[in-house]
Amino acid sequence: MKTLIVKSLFAFILLLLINYDPSHAGIQKPQIAVNQLGYFPDGEKLAEVSFNTGKFFVKSVADDQAVIEGGLQDSSFWDLSGEWIKIADFSEFKMNGSYYLTAGEVQSYPFEISDSIYDELFNAAFKTFYLAHASTSLS
């Protein structure tokens with residue numbers, strides 16, 4: 001019985017070591033969080049900045065030119081993430097295109113401003129339901 005427990009414990013520890021990936025140990029989430037699906041032109045456009053800076057810029061992916069500059073809202077504590085964040089509100093900007101947000105030396109992931117930001121998601125979901133029922137009898 002004692003041998004079985006020792007062998008099980010050894011197998012469990014070995015399994016943990018095999019699946020350990022040291023590259024994941026220092027993963028940090030992005031310091032600027034944007035909606036990567038995108039924003040509607042007339043909708044609210046907010047991003048969260050999790051470091052101390054005063055200004056943000058929205059820049060075009062095509063030419064890296066700033067299209068809007070703004071000030072960040074005062075820092076507030078976000079209970080869900082356990083961190084202090086500032087909000088970048090660029091809702092006044094309504095031009096369609098591909099953009100990214102910068103604050104200080106940090107850059108966000110790119111995002112789209114478009115009326116069709118959910119089209120690709122809708123098509124993928126529709127195709128999933130279609131394929132799930134492809135072999136189902138209609139009777």
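Is Lys 55 buried, partly exposed or exposed, and what is its relative accessibility? In this predicted model, Lys 55 counts as partly exposed, because its relative accessibility is 47%. Glu 69 is likewise partly exposed, with a relative accessible area of 44%.

These two residues form a salt bridge in which the closest N and O atoms are 2.9 Å apart. Lys 55 belongs to strand E3 (residues 55-60) and Glu 69 to strand E4 (residues 66-71), so the pair ties together parts that are 14 residues apart in sequence. A search of the whole structure finds 1 salt bridge.

A second lysine, Lys 45, was also examined. Lys 45 is placed in the loop between strand E1 (32-33) and strand E2 (46-49). The residue is buried yet has no salt bridge. For Lys 45, the nearest side chain of opposite charge is that of Asp 42, at a distance of 6.4 Å; a salt bridge requires the nitrogen and the carboxyl oxygen to lie within 4 Å.

The side chain of Lys 45 is instead found beside backbone oxygens. A polar atom of this side chain lies 3.1 Å from the backbone oxygen of Gly 43, and the side chain also reaches the backbone oxygen of Phe 93 at 2.9 Å. Phe 93 appears again among the residues in contact with Lys 45 once neighbours within four places in sequence are left aside. The others in that set are Tyr 39, Phe 40, Ala 88, Asp 89, Phe 90, Ser 91 and Ile 113.

Conventions
Residues are numbered from 1 along each chain as its sequence is written. This is a predicted model: local features need pLDDT of at least 70, side-chain atom pairs count only at pLDDT 80 or more; totals for chains, interfaces and linings use all residues. Side-chain values use heavy atoms; hydrogens and water are left out. Helices (H or I, at least four residues) and strands (E, at least two) are DSSP runs, numbered from the N terminus. Buried means under 20% relative accessible area, exposed over 50%, partly exposed in between (1.4 Å probe, protein chains only). Lys and Arg count as positive and Asp and Glu as negative; His and the chain ends are not counted. A polar contact is a pair of N or O atoms within 3.5 Å; within protein, one must be able to donate a hydrogen and the other to accept it, and residues adjacent in sequence count only if both atoms are side-chain atoms. Contact means heavy atoms within 4.5 Å.
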